[in-house]
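Colleague: Please take a close look at a single chain for a first-year student, beginning with how it meets its neighbours and then turning to the way it is folded. I would like one connected account rather than a list.

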Amino acid sequence: MTAFVRDQWYVAAYGSEVGRDLLARTILGEPIVFYRTEAGEVVALADRCVHRRYPLSESRLDGDRIVCGYHGFTYEPSGSCVFVPGQSRIPRTARVPSYPVVEQDSFVWVWIGDPARADTTLIPRAPWLADPAYTTVCGMEPLAARYDLLVDNLMDLSHETYLHGGYIGTPEVANTPITTEVDEDRRIIYVSRHMDDAACPPFYAKSTGIQGRITRWQDIEYHPPCLYLLHSRIAPVGVLPNADGTDPDGFHVEVVYAITPETEHSTHDFWAVARDFALGDQEVSDFLAQSNRTVVLQDVEALDILERVIQAEPQGYQELSVNIDTGGLAARRILKKMAGEPEKAATR
Amino acid sequence: MTAFVRDQWYVAAYGSEVGRDLLARTILGEPIVFYRTEAGEVVALADRCVHRRYPLSESRLDGDRIVCGYHGFTYEPSGSCVFVPGQSRIPRTARVPSYPVVEQDSFVWVWIGDPARADTTLIPRAPWLADPAYTTVCGMEPLAARYDLLVDNLMDLSHETYLHGGYIGTPEVANTPITTEVDEDRRIIYVSRHMDDAACPPFYAKSTGIQGRITRWQDIEYHPPCLYLLHSRIAPVGVLPNADGTDPDGFHVEVVYAITPETEHSTHDFWAVARDFALGDQEVSDFLAQSNRTVVLQDVEALDILERVIQAEPQGYQELSVNIDTGGLAARRILKKMAGEPEKAATR
Amino acid sequence: MTAFVRDQWYVAAYGSEVGRDLLARTILGEPIVFYRTEAGEVVALADRCVHRRYPLSESRLDGDRIVCGYHGFTYEPSGSCVFVPGQSRIPRTARVPSYPVVEQDSFVWVWIGDPARADTTLIPRAPWLADPAYTTVCGMEPLAARYDLLVDNLMDLSHETYLHGGYIGTPEVANTPITTEVDEDRRIIYVSRHMDDAACPPFYAKSTGIQGRITRWQDIEYHPPCLYLLHSRIAPVGVLPNADGTDPDGFHVEVVYAITPETEHSTHDFWAVARDFALGDQEVSDFLAQSNRTVVLQDVEALDILERVIQAEPQGYQELSVNIDTGGLAARRILKKMAGEPEKAATR
């Protein structure tokens, strides 16, 4: 497995998941409890009482404070302990780590690693999710597989043809070559597949109402480690954007994934689908939500199988990579670099 | 985990659990089969046939002998093999280990470790359990946690306030300081908490009939590794024992736990509640049995969580100990000494 | 555990199990996918796509080719890749290993290990299974135990008396001595137990119609590692074969086991019962199928228990072997030799 990239922002939850009930979630192997103060600020604390490591998520809130359910140790949102049973003196070391958090684009982002470096790293944007010009459906599926497998999966969409046929896959996806670009400085990987004349899969036919064949553009923009964007443009065959970049006759779907490792062998698979058409149309929303969840679950099933395969196989198994893997291999290389691992030559 | 203390007596079962059906129970990682001879003596044999290690507990009794269910090897209560299929000669080494057992205070005690040393060690007493002057309810709950966690739990009753509120916990338990004494020679740890004016929790209000506030004494007496006694005295506020030690107006409950490691990560959690009031009152017995079992299961749930936390956490995690932990830390120190481990400085 | 004997033929399936649906089965730890071509030939390929190791058994057939369900890599029955998505060039190394297979005696045999040596090793025969002079019932039960335990079990039938009483066991089996012969060159172990005057167990009484006591011969012929034959002859007491070897008044049952390791801790337990009487009698077939399956499941239950016992026990546990184990110890010795392990002195 690729080592975790620790000094980074990760999506921990949708903002709507965090409230006055305690939410336990493990990120990069670290158990964290999330809640909101009475004023609405998101708090993220290590989910371990300093005393006997009881999970604070099994506890309860007292105003903005969290009271351990085992012996009553009580913590401020900052992590400072303010009550110890049976004595008035609070030990100097009685505090649990707190994690920097930012709410942005409907997500709660949390910084794992050295908090001092949180401010030095920009959080990548997915502005459509909180933009009234788009209607969004979203969800999160737990994945019993290492995050690398999800990165691989999303960087190479040729699998849509085989794994997601009848939903988003058509023969043209597997058969159309890709172009890949890597911005080494900004650490962004771009993979594009522009299909000029393709069958329209049900996912887009039913939501856009287009009948007949389409121009279909898939423009991936991956910000390792966590944020994956797929800019999807659909239009009837031959309908292209204007020379000035405006595109009134195209249908635009922004597919967003947040890839957050839970443990070395499991991943939080956040997915969202934002569209600039059929705004507020509940029927289209329901259809896209249900379809995309089905597609995500098809991936989950396949990747869970792969995780079991990898865990059972002997060391030193060798993969074979081909052209479609260019983006995925670039992602692995950059993730390794970010994690501080030495690079290995990729097998081609 | 603290290493097992092997050369010691452990509670293996209630006497009532052992009869003419074979009882399989693992103690300190050793699988043992228990049964009674026709004369009523308890037999404890290693639960492995010498031939191909088939569990004798999967077998059947033939009089006082146990007949292996796989190939018929047959053993005396002493463990000597007296029948081998297909030949008349019994190999000299054909015997399974037998364990010293003693029935006392309603328990079956078994000696793990070197049988030659069994006679050198007194079995601690819990005489109330078999005393007609007391009425007792009891049970055993399997705990999927190392035994240390149960020792910790029982030595620090401040958790009653938080984990067992509504049953046995009130604010005074967590807020009243304790006194701790260690008898290093006899290896007994005493922890006392005397509350002069406390709320009466439902467990005692309903069983004693006291209305209003109480004097509540908790006097722990732990005989490591296995036997834990909580001498609990309840009386209306201001009602104290007489100068001569008699205490006709107090209510006395002897809470007994036997802490028997099953494996390195699981424990047999035997519990009994003996009272010197409402003798033979079935309604009170039912209430106390049901209430105490609920309390034990609250502990089991919390300790099972802690076991999983410990197994998932990185090595070297540091706890923070405070005043309430004095008894628990003393217990750890003595258990380590008994197990022959070097002591470490406790963190405070 | 005895190491796997790799350069050998193993029963992978009944021929009737393999068709145009993909069959995934792990043999000696190697995941293999089986299917038949349109012409009916059995194909056995490594169950891993070369690209990203997706199991081909999760895929689909396109004529005689198998199409990976993840990205569409397509393979010939030889294992050669003939299609890669997004490019026309097929990488030279794009092939999955194929396994030599032979159909014989109703079984599909597969060669694990170096394919170059497949032709040098004869496949042992069980001709009755496909012989119209016999009527056969058969099945396969998954065993959650290492294959050594099944070899031990079958080489020492004295366990019939205890584990299979009421089905095939009577007291005479455990009490009659065996003779054991080992053909070191051909690597076959023979264990015989001839009972001249024995009770007739229900398995044989009901199927042959014999009333009263019987002559019962058990002649084991084990071809390590995979094929175990039990030549069973039943006749009324005193009825023997003719001097010329013909045996018109005996009832002959050929009990065949194929012992195929799945993983280091699990085994495919193939069993078949072929008889030369009551040919085509469905009632007798149903009775023998149901009875033998019950017997196999009694073994499965016992051996699954033993596997758990072995996995939990400390290293260096010592068994005690007696006369009845002579055949089993010879089997271990030959299996070790075949696996290239040094022999150890057996404990007696």
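Modeller: A polar contact is a pair of N or O atoms within 3.5 Å, and within protein one of the two must be able to donate a hydrogen while the other must be able to accept it; residues adjacent in sequence count only if both atoms are side-chain atoms. The coordinates in front of you are a predicted model, and with that in mind we can begin where chain A meets chain B, since the rule finds 13 residue pairs in polar contact across that interface, both residues of a pair being at pLDDT 80 or more. If the residues on the side of chain A that touches chain B are sorted by class, 13 are nonpolar, seven are polar and four are charged.

The contact itself draws 24 residues from chain A and 28 residues from chain B. Together the two chains bury an area of about 2,200 Å², and carbon and sulfur atoms give 57% of that area. Three residues deserve your attention here, namely R52(A), R53(A) and Y70(A), which supply 36% of the area that chain A buries against chain B, more than any other three residues.

R53(A) also takes part in salt bridges, of which the rule finds five across the interface of chain A and chain B. In one of them R53(A) is joined to E313(B), with 2.9 Å between the closest N and O atoms. R53(A) meets E319(B) in a salt bridge too, at 3.2 Å from N to O. E319(B) belongs to the loop between α5 (282-312) and α6 (326-339) of chain B, while R53(A) belongs to the loop between β4 (42-46) and β5 (60-62) of chain A, so this pair joins two chains.

Chain A also touches chain C, and there 28 residues of chain A are in contact with 24 residues of chain C. The area that these two chains bury between them is about 2,200 Å², with 57% of it on carbon and sulfur atoms. On this side it is Y162(A), L306(A) and L320(A) that supply 29% of the area chain A buries against chain C, more than any other three residues.

The count of salt bridges between chain A and chain C is five, one of them being that of E319(A) with R53(C), where the closest N and O atoms are 3.2 Å apart. Residue pairs in polar contact between these two chains, both residues at pLDDT 80 or more, number 13. At least two residues of the side that touches chain C come from each of α1, α2 (159-163), α3 (171-175), α5 and α6 (326-339) of chain A, and α5(A) gives the most, with six residues. By class, this side of chain A has 15 nonpolar, seven polar and six charged residues.

Let us now turn to the sheets of chain A. An open sheet of seven strands runs in the order β11-β17-β16-β15-β14-β13-β12, with antiparallel pairing. Its edge strands are β11 (135-143) and β12 (179-183) of chain A, each of which pairs on one side only, and from one strand to the next the twist averages 15°. Within this sheet, ten bridges join β16 (251-263) to β17 (266-275) of chain A in the antiparallel sense, and you can find V256(A) standing opposite A272(A) in β17(A).

Helix α1 (147-155) of chain A packs on this sheet, where it touches β11, β13 (188-198), β14 (214-223), β15 (227-236), β16 and β17 of chain A, and its direction makes about 165° with that of β16(A). Helix α5 (282-312) of chain A lies across β11, β16 and β17 of chain A and runs at about 20° to β11(A).

There is also an open sheet of three strands in chain A, with the order β1-β10-β9 and antiparallel pairing. Here β1 (8-14) and β9 (101-104) of chain A stand at the edges with a single partner strand each, so one side of each strand is left without a neighbour in the sheet. The twist of this sheet averages 35° from one strand to the next. Four bridges pair β9(A) with β10 (107-112) of chain A in the antiparallel sense, and V102(A) stands opposite W109(A) in β10(A).

Note on methods:
Residues numbered from 1 in each chain as written. Chains lettered and ligands numbered in written order. Predicted model: local features only at pLDDT ≥ 70, side-chain atom pairs only at ≥ 80, totals over all residues. Heavy atoms only, no water. Contact = heavy atoms within 4.5 Å. Buried area = accessible area lost by both parts, 1.4 Å probe. Salt bridge = Lys/Arg side-chain N within 4 Å of Asp/Glu carboxyl O. Nonpolar A, V, L, I, M, F, W, Y, C, P; charged D, E, K, R; others polar. Pairing = 2+ DSSP bridges. Axes fitted to C-alpha atoms, helices over the stretch in contact; angles between N-to-C directions.
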